[in-house]
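Trainee: Could you take me on a close look at the metal site here, and then at what surrounds it? I would like one connected account, if you have the time.

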Amino acid sequence: MRVSDIGEFALIDRLAKIVSSEHPSVLVGIGDDTAVLEGGGEMLLLATVDAQVETVHFLREAITPQQLGRRALAVNLSDIAAMGGRGSVALVSLVLPRETEVAWLEHLYQGLREEAERWGVVVVGGNMARAPEHAVIDVCVLGWISRDELLLRAGARPGDLVLVTGTLGEAAAGLRLLQRADQAPASTVLLARLLTPTPRLPEAAVIAKSKRATAMIDLSDGLSSDLLHICQESRVGVRLWAERLPVTAAVQEVAHQCGETALDLALGGGEDFELCFTAPADTAETLARTVYDETGTPVTIIGEVLPQAAGHTLVLPGGEETVLKAKGWEHFKRNL
Ligand SMILES: [Mg+2]
């Protein structure tokens, strides 16, 4: 049996059984966006790691080293944001072919520093090893969250509403443009969403401090896959309203040009790094408005949490209900 036979999530299950993360200091082990550890006091320690692999996550001709440095840190900070936390320090493991240009790496580190300074994170160490062919930039981030503000994938309850920050499908639209080498000026925003994503840390802080949200995840794989993780961990069902999904005209245009729909890109595109969270129906609108007032980022109510037996449904624009399927990114199944 090979990893491609079982896929990323079955593989995680198998490996997690071998290294049981049960320990008094581990509040959340393998299976959420970030591990949550006792920090000795009111604050809990957050730990996450995420690699950027050449030819899988990035192509050298499509991203500048500065952008790659920013991205490598930002995707980790998004996982910290998913818990409501803030980043503190980063460790960087570089696995490099011998031919790698020093200047390329220095530019990568300038990008890393830019993103780190933006969020008050310090790069405190790392590791280097030789790669046979392609570069890997693996970043580990540690962060903190107050014990009473921690948000997990588990916690959503029937009757809650589902909310999402920002807009969906822009990174996927950016990827389509990149694949077509489209240099239209309108593509700038979409490409930026793909190449230099913004972790929703301020939004996460407002959501966590409100203590109104019940579960949260960041959208790295795609809304459908990531929302189903909340459903799985919270043991609930969901009804998602396709018409409510926040997609821009630019995403609709790219989808149209590519023979896809904006709904496809919003549900399955991935890498938007928005936050998807749940909150009781009577507080969801106030929470959405608070996030917007304090950060300028719009928040949209896109669905409702149902009992687990109700399953996972998607209400199409015409009113027809279909099964909501995980269409997001999964490693070992497909690549760029
Ligand atoms: Mg995540």
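Mentor: Gladly; we will start at the metal and work outward through the strands and the core. Keep in mind throughout that this is a predicted model.

Which residues hold the magnesium ion? The protein donors are Asp-33, Asp-79 and Asp-218, each through an OD atom, and they lie 2.0 to 2.1 Å from the ion. Along the sequence the spacing of these donors reads D-x45-D-x138-D. Asp-33 and Asp-79 tie together distant parts of the chain, being 46 residues apart. Asp-33 sits in the loop between strand S1 (26-28) and strand S2 (35-38), while Asp-79 belongs to helix H2 (residues 65-81).

Are these two donors buried or exposed? With the limit for buried set at under 20% relative accessible area, Asp-33 qualifies because its value is 10%. Asp-79 is buried as well, at 9%.

The remaining donor brings us to strand S8 (residues 215-218), where Asp-218 is found. In a regular strand, side chains alternate between the two faces of the sheet. In S8, both faces are covered: Ala-215 and Ile-217 are buried on one side, and Met-216 and Asp-218 are buried on the other. S8 pairs with strand S10 (residues 275-280) in the antiparallel sense, over four bridges. Within that pairing, the metal donor Asp-218 stands opposite Leu-275 of S10.

Now back to the loop that carries Asp-33. The strands on its two sides, S1 and S2, run antiparallel and are joined by two bridges, with Val-28 standing opposite Val-36 in S2. Both strands belong to an open sheet of six strands with mixed pairing, in the order S1-S2-S3-S6-S4-S5. S1 and strand S5 (122-130) are at the edges; each has a single partner strand, so one side of each is left without a neighbour in the sheet. From one strand to the next the twist averages 25°. Helix H3 (residues 102-119) packs on this sheet, where it touches strand S4 (86-96) and strand S6 (136-146), and its direction makes about 170° with that of S4.

Helix H2, the home of Asp-79, leads us into the interior. In soluble globular proteins, nonpolar side chains tend to be buried together. Here the largest nonpolar core has 53 residues, and those with the most contacts inside it are Leu-73, Ile-137, Val-139, Leu-163, Ile-207 and Phe-277. H2 gives the most to this core, with six residues. Why does the core lie between two domains? Domain 1 (32-149) and domain 2 (160-323) both give residues to it, so its place is between them. Take Val-139 as an example of the packing: leaving aside residues up to four places away in sequence, it touches Thr-48, Val-49, Asp-50, Ala-72, Leu-73, Asn-76, Ala-90, Leu-91 and Val-92. Another core, of 24 residues, lies apart from the largest one, and among its members are Ala-156, Ala-266, Cys-276 and Ile-302.

One last stop is the set of strands built around strand S12 (residues 312-315). Strand S9 (residues 236-241) runs parallel to S12 and is joined to it by four bridges; there Val-238 stands opposite His-312. Strand S13 (residues 321-323) runs antiparallel to S12, with three bridges between them, and Thr-313 stands opposite Val-323. S12 and S13 form a hairpin with five residues between them, and Gly-319 in the turn has a positive phi of about 105°.

Terms used. Residues numbered from 1 in each chain as written. Predicted model: local features only at pLDDT ≥ 70, side-chain atom pairs only at ≥ 80, totals over all residues. Heavy atoms only, no water. Donors = N, O, S within 2.8 Å, 3.2 Å for Na, K, Ca; no water. Buried < 20%, exposed > 50% of the residue type's maximum accessible area, 1.4 Å probe, protein only. Core = buried A, V, L, I, M, F, W, Y, C linked by side-chain atoms within 4.5 Å. Domains from an automatic or database assignment. Contact = heavy atoms within 4.5 Å. Pairing = 2+ DSSP bridges. Axes fitted to C-alpha atoms, helices over the stretch in contact; angles between N-to-C directions.
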